[in-house]
Structures are given as structure tokens and as C-alpha cells.
Amino acid sequence: FRPYNDAAISCINSWRRLKHPGVVNVREAFTTKAFGDNSVVFVHDYHPCAVTLLSRHLSTPQNPSAAIGGVPERLLWSYAAQLVSALRAIHAAGLAARGVVSPSKVLLTAKNRVRINCLGVLDVLAFDVPSNLAQLQREDLQNLGQLIVALACGAAAGTAAAQSPQPMDFLSRPYSDDLKNLVMYLLTSPPGFRSIDEVAAMIAPRVLSELDAAHSYNDTLEGELAKELENGRLVRLLAKLGFINERPESVFCDPRPSS
């Protein structure tokens with residue numbers, strides 16, 4: 001890699017300012033010759049034990065047993081709500097994900113928690129390639145639709161299926177009409193421009209369900225934390241009583257209880 005000007009690297013600063021729970025935060029990007037050539041290194045947040053949606057849910061020739069059937073619809077809506085929220089923050093910052101909304105780039109960092117990874121890479125590598133921001137953001141919506149179809153099919157081939165003239169033929173019957181309408185909305189190319197805000201409004205009822213689940217999960221965590229806090233207080237109280245009640249009898253220690 002050989003940047004033609006400093007702006008190719010400095011454009012990563014826009015991604016560094018973006019903070020959102022649905023993305024893997026970008027730390028920095030720099031060039032180095034440590035590998036014997038002109039390389040560019042991207043530094044992102046580290047999420048231990050994270051896996052891609054490709055390896056967790058989609059069957060491939062290398063991993064044929066990764067999934068059996070499609071992803072349950074409740075989980076699909078959870079993923080969709082998180083990814084729409086992340087894309088909304090990205091587009092509001094005047095940026096575009098640029099092809100990383102895909103099974104191999106979206107990370108599953110905890111139970112049902114997804115984050116978009118590899119953001120900002122193409123902004124640096126393709127800095128000198130002319131691009132239209134509105135078109136790139138529109139492609140983000142199409143990539144999201146293709147991702148949903150791939151997860152619904154349970155195979156990486158679902159991404160290619162989403163690009164077919166009739167992508168709905170690849171969605172199995174158990175999925176609701178709301179999900180199919182969302183996929184059609186994301187994959188079709190209307191004459192006018194469609195924004196991520198319209199998609200967010202379209203899935204608003206599902207987002208409320210996701211918010212309810214997040215609040216319930218937070219209440220559970222706080223309840224368990226309160227139990228551990230009370231356990232800690234009990235241990236400290238027992239330790240203090242032990243120092244008073246279990247003092248050794250000797251000429252150097254007053255055997256009478258402390259007042």
C-alpha cells in the first residue's frame with residue numbers, strides 16, 4: 001500500500017469519532033515497513049471470543065455443519081434492529097459502511113449482540129476512486145437485505161440468492177410478511193432515494209421489542225450484581241467478627257472481648 005497523500009490516512013479520523021454499540025470502534029490507521037513492504041495497519045477494538053455470522057449461522061463447504069435451516073425470525077429481527085441502528089449512526093456521520101455489512105464482516109460479540117467490523121478500510125484503500133456517498137449508502141441497504149436473506153436461507157449461497165430477480169422465493173414459509181416486506185424494501189431499487197431513517201421507521205415496532213428485551217436483560221444483570229454486592233458485605237462482616245471472637249489466648253493479648 002502506498003498512499004498518494006496524507007488525506008488517505010487522515011480520513012480514518014472520521015471513523016475514530018464514530019462511537020456506537022453496533023460497530024467495532026476504529027482506533028487508528030498507520031503505514032509501516034515492518035513487514036518488508038509498504039503496509040497499512042488498521043487498529044480496531046478487540047472483542048474476545050467474537051465470531052462472524054458466517055461461521056456461526058451459515059453453512060459453507062469449509063463449515064457444512066454451522067447451521068441447520070434458517071435463523072429463527074425473532075433472532076433475525078434482533079440482528080436487523082441492531083444493524084439498522086448502526087447504519088443510521090454511520091450515515092448520520094456522513095459515512096458509508098462500503099460493503100462490510102456481510103456475513104464475513106459482522107461479528108457476534110456476545111449472546112445476540114452484533115457489531116459491524118472492518119469499517120474505514122475501503123475509505124483508505126480506495127481513497128482515490130471517485131465515489132458517490134448517496135449511492136454507497138444505498139448499497140449499504142442492499143447489503144443489509146442480502147445479509148438477512150443469507151441468514152434466512154442458512155447458507156452463504158443466500159447472498160447470491162438475494163441478488164436474483166425473485167429473492168422472496170428463497171425465504172421459507174415460516175417467516176412473516178413483515179420480514180419479507182423489509183427484505184423487498186431493502187433490495188429493490190426505486191427511482192427515488194431511500195434512507196436508513198425510512199427503514200428505521202419501518203421496523204419501529206420490532207425495535208421496541210428489542211428495547212424491552214435489552215431492559216429485561218439489564219434488570220437481570222443489576223439483580224445479580226446486587227446479590228454479589230450483598231455477599232461481599234456479608235463476608236466483610238464475618239471477617240470482622242472473626243478478628244474479635246477468634247483472638248488467641250496469650251499473655252500478650254487481653255482475653256476480654258473488645259468493647
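**View 1. Helix H4 spans the length expected for its residue count.** At 1.5 Å a residue, the 20 residues of helix H4 (residues 73–92) should span 28 Å. The C-alpha atoms at its ends lie 28 Å apart, in agreement with that figure. The model shown here and in the other views is predicted. Of the 20 residues of H4, 15 are buried, so the rest of the structure largely encloses this helix. Gly 94 follows H4 and has a positive phi, near 75°.

**View 2. A salt bridge joins Arg 74 of helix H4 to Glu 210 of helix H10.** The closest N and O atoms of Glu 210 and Arg 74 are 3.6 Å apart. The pair links distant parts of the chain, 136 residues apart. Arg 74 has a relative accessible area of 47%, so it is partly exposed. The cut-offs explain the label: buried means under 20% and exposed means over 50%, with partly exposed in between.

**View 3. Asp 197 and Arg 88 form a salt bridge.** Their closest N and O atoms are 2.9 Å apart. Asp 197 lies in helix H9 (residues 196–202) and Arg 88 in helix H4, so the pair ties together parts that are 109 residues apart in sequence. Asp 197 counts as partly exposed, because its relative accessibility is 42%. Arg 88 also counts as partly exposed, at 46%.

**View 4. Glu 224 and Lys 227 meet in a salt bridge within helix H10.** The N to O distance between the two side chains is 3.4 Å. Glu 224 and Lys 227 are three residues apart in H10, so about one helical turn separates them. Glu 224 has 41% relative accessibility and therefore counts as partly exposed. A search of the whole structure finds six salt bridges, including this one between Glu 224 and Lys 227.

**View 5. Four leucines make a nonpolar surface patch.** The residues are Leu 234, Leu 237, Leu 238 and Leu 241. Their patch covers about 380 Å². Leu 234 lies in helix H10 (residues 204–245). At 48% relative accessibility, Leu 234 counts as partly exposed.

**View 6. Arg 194 lies over the face of Tyr 185.** Arg 194 is 4.0 Å from the centre of the Tyr 185 ring. Aromatic pairs are another matter: a search of the whole structure finds zero.

Key:
Residues numbered from 1 in each chain as written. Predicted model: local features only at pLDDT ≥ 70, side-chain atom pairs only at ≥ 80, totals over all residues. Heavy atoms only, no water. Patch = residues over 30% accessible without salt bridge, like charges linked within 9 Å, V, L, I, M, F, W, Y side chains within 5 Å. Areas by Shrake-Rupley, 256 points an atom, 1.4 Å probe, with all protein chains shown as cover. Helix = DSSP H or I, 4+ residues; strand = E, 2+ residues; numbered from the N terminus. Buried < 20%, exposed > 50% of the residue type's maximum accessible area, 1.4 Å probe, protein only. Expected span 1.5 Å × (residues − 1). Phe/Tyr/Trp six-rings, centres within 6.5 Å; stacked < 30°, edge-to-face > 60°. Lys NZ or Arg CZ within 6 Å of the ring centre and 35° of its normal.
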